[in-house]
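Please look over this model with an eye to its aromatic rings and two of its helices. A short report follows.

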Amino acid sequence: MSTRVMRYRDTVAGDLVARTPVHVGALLSASGVDLPTARDGQGCVTLPGTALAGALRSTLGETGNRFDIWGGGEKTGGGRRSGSYDASRITVFDAPAPGQGYALSRTELRQNVSIDRYTGAAATGHLFTREVVPVGTRFSFRFVLESVNRSEREAAAIWIRRCLTRLVTVGVVVGAGETSGLGRVLLSTENLLWTRDDFTTPVGLAAALNVQLSTAEASEASTASWLDNLAKKGRQARENGSPLGTDVLRVTIPWRPLGPVMSKDAADGLMAAWFPLAVPSLTEDGEESKWLHLLLPGSSVKGSLRTRAEYIARVASGWRDLGAEAIEGRFGEQIKATALLPGVTELFGSPGDYPNDAPGNKGALTIHDVCSAEIIPAGQWRKVRSFKRDSLQGTAAFMGALNALNGATRERGLWFDYATRNKIDRWSGAVVDTALFSGVEPYVKPGARVWKDITIDLDLKRLRQSCGQDHERMLAALGLLLLVLRDMSEGWVPLGFGTTRGMGSIKVCEDDVTFRGELSEGTQQADWAEQAANSWPEAISHIAQGQSLANLLESNDVLDIDDAWQKRVTEAQPEKRNDDE
């Protein structure tokens, strides 16, 4: 029990809004979902206070300006704690999604699969479903920060302003799947309240207890004014597009499909064996709208980019198989073996080796979900998906519903084709009996902008940490990313389902791929060694100022990046590693 006397209290309450799908995992599920989302005792989807506290602590740092907000004693240079172990001054409460308890029908189920590096097919035992909370979901957010004297109260106000500015303008990432575009929530300013209680005076105590005294006055009128200004900053941030934090390099990739591009949504027993994945959007009130968007999950796009990155690194360094024959079918060991490839683990991360107490490494790249810019009528889409494979009359009704759907979307450049496939008997050359199958595939009119841009964020701080402050390794990892983007612009990186069957081909122009970012100065450290460790390579500083991929590949900056990449490749070659060992 703490003997610390609370004299001042700050309470912040408002709504967190999901700007990307969110998944905070739970241990058990009654619905058969492999990775269910967390719920409270009433069945409401919830962001646990522990997850929110961890996100705030990671984003904003361990301490406030002049006191230890999170408790636990002072931190030494190695991250260890010394001295007394104080309790945390901040309490972050669970944030439930109010409403109807969010039954399984209100959340999205996404199928995920890992690819075996040896066979190129799905890895055994690595097909799983993940339940995610959809974009637009609101969560009731609240935290309380206590202080014992005026100095701490002033420091608390500074920290809260910094916290709220981050939550409103950029947001934080909570839960799993961050590098696949999941988990970003922003704080709405519509119902945002910041209450400052002062228990040292009768007036302040009465106000905290909601007792009306004739002498009571609003002692913190400036707080309301500051919140009004914060709301303006939030609106400006939303008008400027997706939020972008400091020390993040954003790559924006406009693209268009050259054929059917989709993420498969299997539909056993229906007229079509598969449909393109489509997800609903939510209204401002948290209710499902009458429209759907086609979706390429960030995990799917990330898988395509990683596959190409591993191929480039493997060919460049001479690691043809990484001993894959010896570890065929053991997916975890295959992924660990990619640590031999230059730049791959820095960008995409690596798994931990927990029996040997070796932590994993989170990748520096985040690939966001890619949604269609055009919308689909939800009612007509559900009608198309309602027909079962039973009779010729059902086929005619199904085609009528599909034609009605195309009538609603074709003018905007999007339509759906009912494609029939079959298997051929290798002996007779005829169609294999009972092997006729079909699916619904999306097509886009040439020149129509049906899909939104692909967005990739490169976390430069995380990249610097995973590279051990080594500027050359940072540039080498950036070089691998540039090679992947170049190959994408040349048509070597298909997306989505059926890429070995002619689907997934896309068109990307180097002139349209753009880079932008905001870098911290990194010059506030007193020690020159710390300044050097927290500075940025000159090439990265130039790229963050904004330029296209085409201009970058012809600039002098690419020479430094190429030199770093070539050096890293040489170090990673099997002969070189064997000599060093």
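## Aromatic pairs

This is a predicted model. The count of aromatic pairs comes to ten. One of them joins Phe-143 and Trp-159. Their ring centres are 6.1 Å apart and their planes meet at 80°. Planes over 60 degrees apart count as edge-to-face, so this pair is edge-to-face. The pair links distant parts of the chain, 16 residues apart. Phe-143 belongs to strand E9 (residues 138-147), and Trp-159 to helix H2 (residues 150-169).

Both partners are shielded. Phe-143 is buried, at a relative accessible area of 0%. Trp-159 is buried too, at 1%. Further ring pairs bring in Trp-70 and Phe-141, which form a cluster with Phe-143 and Trp-159.

## A link across the sequence

Phe-275 and Trp-381 also make an edge-to-face pair. The centres are 6.0 Å apart, with 75° between the planes. Phe-275 sits in strand E16 (residues 274-276). Trp-381 sits in helix H8 (residues 378-384). The pair therefore ties together parts that are 106 residues apart in sequence.

How buried are the two residues, by relative accessible area? Phe-275 is buried at 1%, and Trp-381 is buried at 5%.

## Charges over rings

Phe-275 has a second partner in Arg-385. The charged end of Arg-385 sits over the Phe-275 ring, 4.7 Å from its centre. Elsewhere, Arg-464 lies over the face of Trp-536. There the distance to the ring centre is 4.0 Å.

## Helix H5

Helix H5 covers residues 298-317, 20 residues in total. What span should it have at 1.5 Å a residue? The expected value is 28 Å. The end C-alpha atoms are 28 Å apart, so the two agree.

Many H5 positions are listed as buried, among them Gly-298, Val-301, Leu-305, Ala-309, Ile-312 and Ala-313. The buried set also includes charged side chains: Lys-302, Arg-306, Arg-308 and Glu-310. Gly-318 follows the helix, and its phi is positive, near 90°.

## Helix H15

Helix H15 (residues 557-572) has 16 residues. From first C-alpha to last it reaches 23 Å, close to the 22 Å expected.

Which H15 residues are buried? They are Asp-557, Val-558, Ile-561, Ala-564, Trp-565, Arg-568, Val-569 and Ala-572. These residues cover an arc of only 135° around the axis, so they lie on the same side of H15.

Conventions. Residues numbered from 1 in each chain as written. Predicted model: local features only at pLDDT ≥ 70, side-chain atom pairs only at ≥ 80, totals over all residues. Heavy atoms only, no water. Helix = DSSP H or I, 4+ residues; strand = E, 2+ residues; numbered from the N terminus. Expected span 1.5 Å × (residues − 1). Buried < 20%, exposed > 50% of the residue type's maximum accessible area, 1.4 Å probe, protein only. Arc of directions from axis to C-beta. Phe/Tyr/Trp six-rings, centres within 6.5 Å; stacked < 30°, edge-to-face > 60°. Lys NZ or Arg CZ within 6 Å of the ring centre and 35° of its normal.
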